[in-house]
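Colleague: I'm new to this one, so please zoom in on a single part for me. What does a search of the whole structure find in the way of cavities, and what lies around them?

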Amino acid sequence: MKGNLVVGQSGGPTAVINNSLVGVIHEAMQHKDVDGIYGMLHGIVGVLEENFVDLRQESEETLQGLRHTPASALGTVRYKVTDEDYDRLIEVLQAYDIRYFFYIGGNDSMDTTHKIHLAAQKKGYELVAIGVPKTIDNDLVKTDHCPGYGSAARFVASAIRNSGWDTEAMGDSGPLKLMEIMGRNAGWLTASAALAKQQPKDPPHLIYLPERGRSLEQIVEDVEETYEKYGTCVIAVSEGFRDDEGREFGTLGDSFETDAFGHKRKGGVASTLTSALQQHLDMLPRFDKPGYLQRSFGELASPVDREEAYNVGRTAVRAALEGKMDQMVALVRQPGSEYEIDTALVDLDEVANKERLMPDEFINEEGNWVTQAFLDYARPLIGPPLPPYTRLEKHPVPERAKVKSS
């Protein structure tokens, strides 16, 4: 089938999302059945508003530069497509003779791609729609992991390690630190904080995930025990963390803002826990909230993540030209001691609006740390090991005099 191709980016950007875009462009350029290669600006809204750019005119120098550039080069969007919108979308796609549709995004983007496929079928318009996975939350089903996660995990591990060593240096003037990490319902990104740890004393010391609730009393006990052991306590906590009865620590009332898809925006868990710990302990905890830095730090992008994001873009185009449709590209980990990944295709209706949470075998029994199984799963995704840090051995100088204070 000969025609034009359009590609868009949706949802929260990542440090490597442009690699998937470049992968789509590079592969499309290799096929004579693809005429125009268009980019929709700001996701699906770009189609509704006929706001396209000609990606064939971009230089190879620009495309190579994008492979090391974070954020969505085409612009992104959080827009829930209405039933009425689909007629307009197919009308625009027909007008531009677009036969190949690629959407780079997460759960909601896969749903949009699937529904565009259904709308085209209903209209009798021949269109191939393929989903290209992306999310730092790592919560898409039917794939071993999601492009974007490895880079965000590398940032989180680096950030909490650096902040934790700073906390250790402060001594008793500031021995407690919390870091609030993205993750609405899934703790994948928060769990990646454990990848920074080299020795038991190293930060972080505690990890709290949405999948395993823990009471405030248990948290206080965890913190007290850790502080007594190491003289400091650094905590990674998910923005969606709940207590042992399923109540969210960070939900700020029923009026808390929701996005276009009705997802309640999370926040406030670190400040809530900081206040609670201050009341129960005779010390003032501090907290960091890196927010969007977690998904936008190009300098800490994982080279493994970068290549996998690029390859899923190329794979999506090859699948489309082979006549596959209504599918998402998935990453499949191969068995063996060495990390090796392959690609496969899964039906979009099996992915759309579904969410993969951390499995029980990745969380310790107490619910305040991860297991070795998770570390084995996640370590290959962040690229080379973080450079090792060292501490002074602090050999004491023998005392020569006792100076009495008046």
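Modeller: Here's a close look at the cavity and its surroundings.

Keep in mind that this is a predicted model, where local features need pLDDT of at least 70 and side-chain atom pairs count only at pLDDT 80 or more, while totals for chains, interfaces and linings use all residues. Numbering runs from 1 along each chain as its sequence is written, and side-chain values use heavy atoms, leaving out hydrogens and water.

For the setting, the protein has 12 helices and 11 strands (DSSP runs, H or I of at least four residues and E of at least two, numbered from the N terminus). Of its 406 residues, 56% are buried, meaning under 20% relative accessible area with a 1.4 Å probe, protein chains only; exposed is over 50%, and partly exposed lies in between.

Now the cavity: the search turns up one of 30 Å³ or more, with a volume of about 40 Å³. A cavity here is a set of points on a 1 Å grid over the protein atoms alone where a 1.4 Å probe fits but cannot get out, and lining residues have an atom within 4 Å of a point. The volume is the space filled by probe spheres set on those points, joined across faces, edges and corners.

Lining it are Thr 14, Ala 15, Ile 136, Gly 148, Ser 151, Ala 152, Phe 155, Gln 294, Arg 295, Ser 296 and Phe 297. Five of these are nonpolar, five polar and one charged, with Gly counted as polar. H6 and H10 each supply at least two of the lining residues.

Leu 300 is worth a look too, in the loop between helix H10 (293-296) and helix H11 (303-321). Leu 300 counts as partly exposed because its relative accessibility is 24%. Leaving aside residues up to four places away in sequence, Leu 300 touches Ser 151, Arg 154, Phe 155 and Ser 158 (heavy atoms within 4.5 Å). Ser 151 and Phe 155 also appear in the cavity lining. Another lining residue, Ala 15, is 285 residues from Leu 300 in sequence, yet their C-alpha atoms are 8.3 Å apart.

Helix H6 matters for the largest nonpolar core as well: among the 36 residues there, those touching the most other members include Tyr 149 and Trp 188. Such a core is a set of buried Ala, Val, Leu, Ile, Met, Phe, Trp, Tyr and Cys residues joined through side-chain atoms within 4.5 Å. H6 gives this core its largest share, eight residues.

Methods:
On a 1 Å grid over the protein atoms alone, a cavity is a set of points where a 1.4 Å probe fits but cannot get out, and a pocket is an open set with protein on both sides within 12 Å along at least five of seven lines; lining residues have an atom within 4 Å of a point.
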